2 protein chains.
Amino acid sequence: MAREALPESGDGHPADEGGGSCPVQDIAAAWERERPGTPVSSIGIVTPIWQLAKLLGDDRRRVLARAGVDAATLDLLSVLRRAGAPYTLTTRELGRRSLVSAGAVSQRVARAEREGLVTRRPGAGRPRTVLVELTAAGHELVEATVDQVLHREAELISGLTGEQQEQLTGLLRILLQDTRRRLGDDRITHVGQE
Amino acid sequence: MAREALPESGDGHPADEGGGSCPVQDIAAAWERERPGTPVSSIGIVTPIWQLAKLLGDDRRRVLARAGVDAATLDLLSVLRRAGAPYTLTTRELGRRSLVSAGAVSQRVARAEREGLVTRRPGAGRPRTVLVELTAAGHELVEATVDQVLHREAELISGLTGEQQEQLTGLLRILLQDTRRRLGDDRITHVGQE
DNA sequence: AGGTCTAAATTTAGACCTGAACATAGCATT
DNA sequence: AATGCTATGTTCAGGTCTAAATTTAGACCT
């Protein structure tokens with residue numbers, strides 16, 4: 001790969017992550033070669049997860065750019081749309097469902113409100129709750145884009161057989177659930193009590 | 001919603017993504033309920049990948065903050081460290097291995113250079129190649145932090161059995177490889193020819 | 001040899017997110 | 001009933017990324 005005449009992609013280390021963005025297993029091999037004893041056991045799982053998230057996220061951003069939306073806004077609108085009528089949630093709930101900080105929710109909602117996609121009004125419950133509701137324009141934007149995005153992503157993972165997809169889904173579900181449990185139970189579904 | 005006693009985690013939709021950040025499968029179920037026919041087949045795979053990347057990334061950032069580094073800089077230094085002596089790569093190669101744009105590489109290198117972790121000098125090859133080399137301080141920083149990060153991540157995925165980890169690694173490798181092939185072959189290892 | 005072309009890095013503008021500081025609406029306690 | 005407490009939303013500063021515009025070093029062609 002990219003030996004001799006080619007650009008300096010090949011940088012001299014034969015066993016190294018050759019040319020291009022390099023198979024994940026070469027990363028673990030490089031650590032072993034350079035620093036024997038490095039705890040590489042997580043690399044085979046964590047690295048591809050990050051790389052896939054990056055590739056899929058970049059692709060989604062480009063797909064949505066053509067539709068004139070950004071991914072963060074569509075995420076907000078989708079959460080509201082999925083909640084069902086009356087398409088209203090508190091900002092607190094929005095943050096928990098989107099895995100972003102309270103500040104990020106505030107900014108997302110402010111942007112979306114400026115564009116007429118949601119409205120904001122004080123709620124009745126706790127101290128300072130704010131209810132965010134989808135407008136007709138916001139609803140339409142979701143309807144116009146969500147199938148496009150999901151269809152595209154189904155295409156991107158179609159290299160796996162149905163059985164492989166099922167296996168992968170199951171393993172990821174277990175890992176995600178377990179990881180959530182290990183990191184602050186804040187955003188966890190306390191399935192049983194409370 | 002915002003039921004009385006309970007926090008408004010439970011928002012009224014019984015079949016909805018209940019409280020907290022909600023099991024992934026409920027997201028697909030919510031789309032089905034709200035928009036029958038929505039192409040949800042990718043959700044079981046794409047959503048957990050994003051959520052895991054987010055959770056793991058946030059955690060890594062917090063671990064590194066204590067060590068006084070940011071994740072982007074450590075990524076840069078690690079790539080150079082893994083390349084082996086003389087710990088030198090072109091910016092082009094750095095971008096390909098880290099999956100970030102050329103502009104991002106420029107900024108990362110500028111920051112790291114300002115902190116004395118790498119040096120930059122013109123290279124011989126193509127038009128304007130720039131070689132980036134790890135300094136002694138940069139080398140030390142990698143040695144001081146990488147085990148910590150990898151160990152922590154190994155811990156986070158330890159909820160899976162060894163066999164599950166192997167299965168997951170294999171499936172992710174296939175999916176990543178296939179996804180790279182489908183999206184711009186630019187950063188792909190052209191395994192065979194070329 | 002000189003002008004044009006191409007490839008590569010850098011700069012710039014715009015978006016987004018986190019963490020911390022800030023403001024505030026009800027609740028609990030005394 | 002008044003006061004402090006706590007949970008919540010917002011604002012702000014700082015940092016990172018992408019995409020597009022800009023600059024520039026060699027290569028190519030006539």
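Is Gln165(B) buried or exposed? I started there: Gln165(B) is buried, at a relative accessible area of 18%. My cut-offs are under 20% relative accessible area for buried, over 50% for exposed and partly exposed in between, with a 1.4 Å probe and protein chains only.

**Ground rules**

I am working on a predicted model, where local features need pLDDT of at least 70, side-chain atom pairs count only at pLDDT 80 or more, and totals for chains, interfaces and linings use all residues. Residues are numbered from 1 along each chain as its sequence is written, chains are lettered from A and ligands numbered from 1 in the order in which they are written, and side-chain values use heavy atoms, with hydrogens and water left out.

**Entry: Gln165(B)**

I placed Gln165(B) in helix α7 of chain B, residues 162-182. Helices here are DSSP runs of H or I with at least four residues, numbered from the N terminus. I then listed its contacts (heavy atoms within 4.5 Å). Beyond the neighbours within four places in sequence, Gln165(B) touches Ile45(A), Ile157(B), Ser158(B) and Leu160(B). I also found a polar side-chain atom of Gln165(B) 3.3 Å from the backbone oxygen of Ile157(B). That fits my polar contact rule: a pair of N or O atoms within 3.5 Å; within protein, one must be able to donate a hydrogen and the other to accept it, and residues adjacent in sequence count only if both atoms are side-chain atoms.

**Entry: the core**

Next I looked up the largest nonpolar core, which has 90 residues. Such a core is a set of buried Ala, Val, Leu, Ile, Met, Phe, Trp, Tyr and Cys residues joined through side-chain atoms within 4.5 Å. The members touching the most others are Leu94(A), Val118(A), Leu168(A), Leu94(B) and Leu168(B). I followed Leu168(A) into chain B: setting aside residues up to four places away in sequence, it touches Ile45(B), Leu168(B), Leu171(B), Leu172(B) and Leu175(B), along with Leu160(A).

**Entry: salt bridges**

I get 34 salt bridges over all chains, taking a side-chain nitrogen of Lys or Arg within 4 Å of a carboxyl oxygen of Asp or Glu.

Glu153(A) pairs with Arg60(A), with the closest N and O atoms 2.9 Å apart. Glu153(A) sits in helix α6 (residues 136-156) of chain A and Arg60(A) in helix α2 (residues 43-66) of chain A, so this bridge ties together parts 93 residues apart in sequence. Glu153(A) is buried, with a relative accessible area of 3%.

In chain B I checked Arg81(B) and Glu143(B), whose closest N and O atoms are 2.6 Å apart. Arg81(B) belongs to helix α3 (residues 71-83) and Glu143(B) to helix α6 (residues 136-156), both of chain B, so the bridge links parts 62 residues apart in sequence. Arg81(B) is buried at 5%, while Glu143(B) is partly exposed at 28%. Salt bridges with shared partners join these two with Arg33(A), Glu34(A), Arg35(A) and Asp147(B) in one network. Within it, I noted Arg33(A) bridging to Glu34(A), closest N and O atoms 2.7 Å apart.

**Entry: DNA strand C**

What comes nearest to DNA strand C? Of the 25 residues around it, I have Asp70(A), Lys54(B), Thr91(B), Ser106(B) and Arg126(B). For a residue to be near a strand, one of its heavy atoms must lie within 4 Å of it. Of the strand C atoms within 4 Å of the protein, 68% are sugar and phosphate.

I looked at single contacts in chain A. Ser101(A) has a polar side-chain atom 2.8 Å from a phosphate oxygen of DNA strand C, and Arg108(A) has a side-chain N or O atom 2.8 Å from a phosphate oxygen of that strand. Gln107(A) instead puts a polar side-chain atom 3.4 Å from a base oxygen of DNA strand C. α5(A) gives the largest share of this surface, 5 residues.

**Entry: DNA strand D**

Around DNA strand D I have 23 residues, with Lys54(A), Thr91(A), Ser106(A), Arg126(A) and Arg128(B) nearest. Sugar and phosphate make up 75% of the strand D atoms within 4 Å of the protein. A side-chain N or O atom of Thr91(A) is 2.7 Å from a phosphate oxygen of DNA strand D; for Ser101(B), the phosphate oxygen is at 2.8 Å. Arg61(A) has a side-chain N or O atom 3.0 Å from a sugar or linking oxygen of DNA strand D.

Terms used. Helices (H or I, at least four residues) and strands (E, at least two) are DSSP runs, numbered from the N terminus.
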